[in-house]
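Student: I have a new structure open and I don't know where to begin. Could you walk me through it?

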Amino acid sequence: MEAKTLFDKIWDSHIVSSIEKGPDVLYIDRHFIHEVTSPQAFNGLKQRGIPVFRPQKTLATADHNIPTKDQHLQIRDMLSRNQVQRLSENCREYGIEFFGINHPNNGIVHVIGPELGYTLPGMTIVCGDSHTSTHGAFGTIAFGIGTSEVEMVLATQCILQPKPKKIRITVEGKLQNGVTSKDIIMYIISEISASGATGYFVEYSGSVIRELSMEARMTICNMSIEMGARGGLIAPDDITYNYLRQRPSIPGIDDIELSVKQWKNLKSDPGASFDRELEFDGGLIKPMITYGTNPGMGMAIDGSIPQSENKNSEASSSFLKSLDYMGLKPGMKLLGHPIDYVFIGSCTNGRIEDFRAFAKIIKGRKKADTVTALIVPGSKKVEEQMASEGLTEIYKNAGFEVRQPGCSSCLAMNEDKIPQGKYAVATSNRNFEGRQGPGARTLLASPLTAAAAAITGIISDPRQFFN
Amino acid sequence: MPKVKFEILKSTCVPLPFENVDTDQIIPARFLSATSREGFGDNLFRDWRYNKNGEKNSEFVLNNPAYIGKVLVAGKNFGSGSSREHAVWAIFDYGFRAVVSSFFADIFMNNALNNGLLPIVISEKLLKKLLDLIQQNPATEVIIDLEKQTFTVISTGDSVIFGINPYKKECLLKGLDDIDFLLSMKDLITGYETNKSMLK
């Protein structure tokens, strides 16, 4: 029997039909939707006069556009209010479960899916959002799609997709203290560039990956798109199964142990071949920070900004333009650079372990006066857990206000915008020009690095807080 | 539902000699609150077209009357970042019908093909030559023939074959709709569900 990769096993078992010299018709097990990329898709269904084919396999949330304070009040911004309202109406009309603002299950789509047991090994999962790759942490083929494809899946529960190539990224060795999964993925992207994996689907493997918790794995898979990959997955194992056993319920599954037995085959066979393989030594990874305007422009926290994007050639105009936007220069060190804002949250680092990590550093200390902090839990469940574990109290005592769940400052569709020219250390996933607000200067980092910056008011090495 | 057809396009070009142009630049997130597909062209490259005070940035190419055309020529890794299809709608609504680069991000390319905006991949070398040519002579015209898969620069005679998925090519040439195609496969889909679906 041919040795197959996990990706091929899942892909091949979901093909409804193959078009000669064309894409595959792929069946989708789970379709997540939110308010920003769905309205035009529903308009399309109305124009065609057809229903949603499988509403029970669709789950909706409001996350991108919503405020993170005073959620009990009506949304002030008219367009946002209208968009969320539209999703609510569409879900009611088409029979789709909707976790709107104030619903106890509400939150960022890629946080609530896994925590509520909707994301399961072996599934194909799509959503009109590029960070859908997050769900790959459970051993799924999960990827972001455009609104036309959202309409396709609503109409037929299928999508037309060309099959990407496969790359395996292996991380072995031992992680240093103070180095997190966020640093791992930022390191990889800085090594291969923001377009280094375009056209590929990633499988992450190796001892460093195996030892990560589910939430840490989600951070890694989340940022697969930032190296251009379609998505990334990690084969399920006991860590995955234990996480699933702890879910309050799992839709569609009565006996989890029976499913666990079936999932045992969800791994790449020995000898299975990938189109490309890369290896990294986890021991070399330090806390990371970005200095430019794409996630590939990152370096170790104690490093110096390079002279150019390639070791052997002069800096391109794009590279220099990027540094100019950031108000930084080649050769500069970032340690000690003053910052203005700190944001912890997003589908990358908005889960309970991230807030625990941040709390470890701020406990018994105070937020720097010069820093404005945005503390945004990824979901209502995370918000509740923060309170019940006493974390909210720790944040409050250190001078931090915990907000309510939403995508918030990651893409700043709501009021949580970073002002022109201000530096923000953010645990989110993109540092593009203007991403967090026109003229905003984003420095991507892990929750530990963000906490260190929040306490000191300058870019700091979080390792100094560990003995 | 019939869609836009693409056959032969002869046009002047608009040069965007920047690499890694991401979808946040093409259409900033604050403009994604719309509930229909229309009007995105107004906000194409919004934060590059307009200064903070709301005035047009005279240095940005879209505000330079010398450059008009239906073909956008951009530096490598165009369209990286978000899956927002709104980026394609903005480019199309503005009036472009093709984007030429040496490298496109995956999701953007898919979204473009689904909306009648043709993404054309040419070599880095030809891209540089073309950008230089256009900037020297804004009247530079190209011909794109989808049937023959040729991209030709009229004044120099440079002509290359570009790649495109055969299925997508046929959809674009005939104005075929993916969803009509999938809807016609309903029996196959329910058959699949009965046999193999995970959650019954």
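**A first look at the two chains**

Tutor: Chain A has 15 helices and 18 strands, and please keep in mind throughout that this is a predicted model.

Student: What box do the C-alpha atoms of chain A fill?

Tutor: Taken along the principal axes, the C-alpha atoms of chain A fill a box of roughly 55 × 55 × 45 Å. The radius of gyration of chain A is 21 Å, which agrees with the value near 23 Å that a compact globule of 467 residues would have. Buried residues make up 60% of the 467 residues in this chain, and among contacts in chain A between residues at least 6 apart in sequence, 76% join residues at least 24 apart.

Student: And what about chain B, how many helices and strands are there?

Tutor: Chain B has 8 helices and 7 strands, and its C-alpha trace spans about 60 × 45 × 25 Å along the principal axes. Of the 200 residues in chain B, 42% are buried, and residues 24 or more positions apart account for 67% of its contacts with a separation of 6 or more.

Student: Back to chain A. Which domains is it divided into?

Tutor: Chain A is divided into domain 1, covering 6-276, and domain 2, covering 288-465. The centres of these two domains of chain A, taken over C-alpha atoms, are separated by 24 Å. Their contact takes 38 residues from domain 1 of chain A and 37 residues from domain 2 of chain A.

Student: Which elements of domain 1 are on that side?

Tutor: The elements that give two or more residues to the side of domain 1 of chain A that touches domain 2 of chain A are α4 (109-115), α6 (181-192) and α8 (214-222) of chain A. Of these, α6(A) gives the most, with 6 residues. By class, that side of domain 1 of chain A has 12 nonpolar, 19 polar and 7 charged residues.

Student: Now the two chains together. How many residues does the contact take from each?

Tutor: The contact takes 59 residues from chain A and 45 residues from chain B. On the side of chain A that touches chain B, at least two residues each are supplied by β1 (15-18), β2 (24-27), α2, α3 (78-94), α5 (147-156) and β8 (158-161) of chain A. The largest share of that side, 6 residues, comes from α5(A), and by class the side of chain A that touches chain B has 21 nonpolar, 28 polar and 10 charged residues.

Student: Let me stay with α5(A). How many of its residues are buried?

Tutor: In α5(A), 10 of the 10 residues are buried, so this helix is largely enclosed by the rest of the structure. The buried residues include A:Glu149, A:Glu151, A:Met152 and A:Leu154.

Student: What covers them?

Tutor: The cover includes β3, α2, β6 and β8 of chain A, together with α7 (178-183) and α8 (186-196) of chain B. Just after the helix, α5(A) is followed by A:Gln157, whose phi is positive, near 60 degrees.

Student: You mentioned β3 of chain A. Which strands does β3(A) pair with?

Tutor: β3(A) pairs in the parallel sense with strand β6 (residues 124-127) of chain A over 3 bridges, and β3(A) also pairs in the parallel sense with strand β4 (residues 58-61) of chain A over 3 bridges. In β6(A), the bridge partner of A:Arg30 is A:Ile125, while in β4(A) the bridge partner of A:His31 is A:Thr58. Together, β3(A), helix α2 (residues 39-48) of chain A and β4(A) make a right-handed β-α-β unit.

Student: Which way do the side chains of β3(A) point, and are they buried or exposed?

Tutor: A:Arg30 and A:Phe32 point one way from strand β3 (residues 30-33) of chain A, A:His31 and A:Ile33 point the other way, and all are buried.

Student: One last residue: where does A:Tyr204 lie, and why does it count as buried?

Tutor: A:Tyr204 lies in strand β10 (residues 200-205) of chain A. A:Tyr204 counts as buried because it has 26 C-beta neighbours inside 10 Å, where 20 or more are needed. Leaving aside its neighbours within four places in sequence, A:Tyr204 is in contact with A:Ile169, A:Ile209, A:Ile220, A:Gly232 and A:Ile234.

Notes:
Residues numbered from 1 in each chain as written. Chains lettered and ligands numbered in written order. Predicted model: local features only at pLDDT ≥ 70, side-chain atom pairs only at ≥ 80, totals over all residues. Domains from an automatic or database assignment. Contact = placed C-beta atoms within 7 Å. Helix = DSSP H or I, 4+ residues; strand = E, 2+ residues; numbered from the N terminus. Nonpolar A, V, L, I, M, F, W, Y, C, P; charged D, E, K, R; others polar. Buried ≥ 20, exposed ≤ 12 C-beta atoms within 10 Å, placed from the backbone. Pairing = 2+ DSSP bridges. Right-handed = clockwise from strand over helix to strand, strands pointing away. Rg over C-alpha atoms; globule rule 2.2 N^0.38 Å.
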